[in-house]
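Me: I am a first-year student, and I would like a close look at a single residue in this model, followed outward into the parts that surround it. Please take it slowly and connect the pieces as you go.

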Amino acid sequence: GAHDPNTGKTLLCCNDEELVPIDILYGMAMKQLIIIDACRTPVQVELIKAASRGFGLLAETGDPFYAMSCRNLFDRYLSMSEYGLTIVHSCGIGQEAGASDNGGGIFTQMLISASRAWLSAVEHGSQSVLTIRKAFGSVKQGMGLEPRLRRQVPELEEGRRIYSFPLAVAP
């Protein structure tokens, strides 16, 4: 990823030749959550090709009743969240997003780890929801404790909300 200082837009690198503005991801949905784990360092952009690509969904199989109860809880909490766009950036403008040894984004890995830690702390049988705001706060705090990550300051854009988007559920 990169930041175009001329337009003020954050860009995503789709491949070796194309940079596209993140607003191409903004759809017509009334509620959206976009997590962007990419650098936002300034680059000189001469041409931006708009690319529309299909995003595949990865589904895991398992107990259909458990999956259905997870989906119902997620949908119920999502219906309570306010309309609008929520964007999570792994770093601020002018900063680089750290990558791990396996090439994945450190921010995303920490977000997944925070979700797993939350899930292991949830009492069995109690319904609980981890919001993006709580997970983000946990990750941001954890990144601040790591000396090599202190220059990467994540940002959460969600406006004024009472209910934040759900990230994980435990029915």
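Reply: A good place to start is a side chain that meets the backbone elsewhere in the chain: in this predicted model, the side chain of Gln152 reaches the backbone oxygen of Ser90 at 2.9 Å. The side chain of Gln152 also reaches the backbone nitrogen of Gly98, here at 2.7 Å, so that both distances fall within the 3.5 Å that defines a polar contact between N or O atoms.

Where does Gln152 lie along the chain? Gln152 belongs to the loop between helix 3, which covers residues 132–145, and strand 7, which covers residues 155–157. Is this loop residue buried or exposed? With a relative accessible area of 5%, Gln152 is buried, because buried means under 20% relative accessible area. Once neighbours within four places in sequence are set aside, the residues in contact with Gln152 are Ser90, Cys91, Gln95, Glu96, Ala97, Gly98, Phe107 and Met143. Ser90 and Gly98, whose backbone atoms were named above, are therefore part of a longer list of contacts.

From the loop we can move to the elements around it. Strand 7 takes part in an open sheet of three strands, arranged in the order 4-5-7 and with mixed pairing. Strand 7 and strand 4, which covers residues 31–36, are the edge strands of this sheet, since each of them pairs on one side only. From one strand to the next, the twist averages 10°. Within the sheet, strand 4 runs parallel to strand 5 (residues 84–89), and six bridges join the two. To find this pairing in the picture, you can look for Ile34, which stands opposite Ile87 in strand 5. Helix 3, at the other end of the loop that holds Gln152, lies across strand 4, strand 5 and strand 7, and runs at about 15° to strand 5.

As a general point, strands of a sheet pair through backbone hydrogen bonds, and they may do so in a parallel or an antiparallel way. The antiparallel way can be seen at the beginning of the chain, where strand 1 (residues 2–4) pairs with strand 2 (residues 9–13) over three bridges. His3 has Thr10 in strand 2 as its bridge partner, and in the hairpin of these two strands, with four residues between them, Gly8 takes a positive phi near 80°. Strand 2 also pairs in the antiparallel sense with strand 3 (residues 19–21), again over three bridges, and here Cys13 stands opposite Leu19. Asp4, which lies in strand 1, is buried as well, with a relative accessible area of 2%. Although Asp4 and Pro21 are 17 residues apart along the chain, their C-alpha atoms are separated by 8.9 Å.

Finally, it helps to set these parts in the whole chain, which has three helices and eight strands and follows the pattern β-β-β-β-α-β-α-β-α-β-β when read along the sequence. Of its 171 residues, 35% count as buried, and Gln152 is one of the buried residues. Among the contacts in the chain with a separation of 6 or more, 78% are between residues 24 or more positions apart. The accessible surface of the chain comes to about 10900 Å², and 55% of that surface belongs to carbon and sulfur atoms.

Definitions and conventions:
Residues are numbered from 1 along each chain as its sequence is written. This is a predicted model: local features need pLDDT of at least 70, side-chain atom pairs count only at pLDDT 80 or more; totals for chains, interfaces and linings use all residues. Side-chain values use heavy atoms; hydrogens and water are left out. Buried means under 20% relative accessible area, exposed over 50%, partly exposed in between (1.4 Å probe, protein chains only). A polar contact is a pair of N or O atoms within 3.5 Å; within protein, one must be able to donate a hydrogen and the other to accept it, and residues adjacent in sequence count only if both atoms are side-chain atoms. Contact means heavy atoms within 4.5 Å. Two strands pair if DSSP finds at least two bridges between them. Axes are lines fitted to C-alpha atoms, for helices over the stretch in contact, and angles run from 0 to 180 degrees between N-to-C directions. Accessible areas come from the Shrake-Rupley method with a 1.4 Å probe; for residues, only the protein chains shown count as cover.
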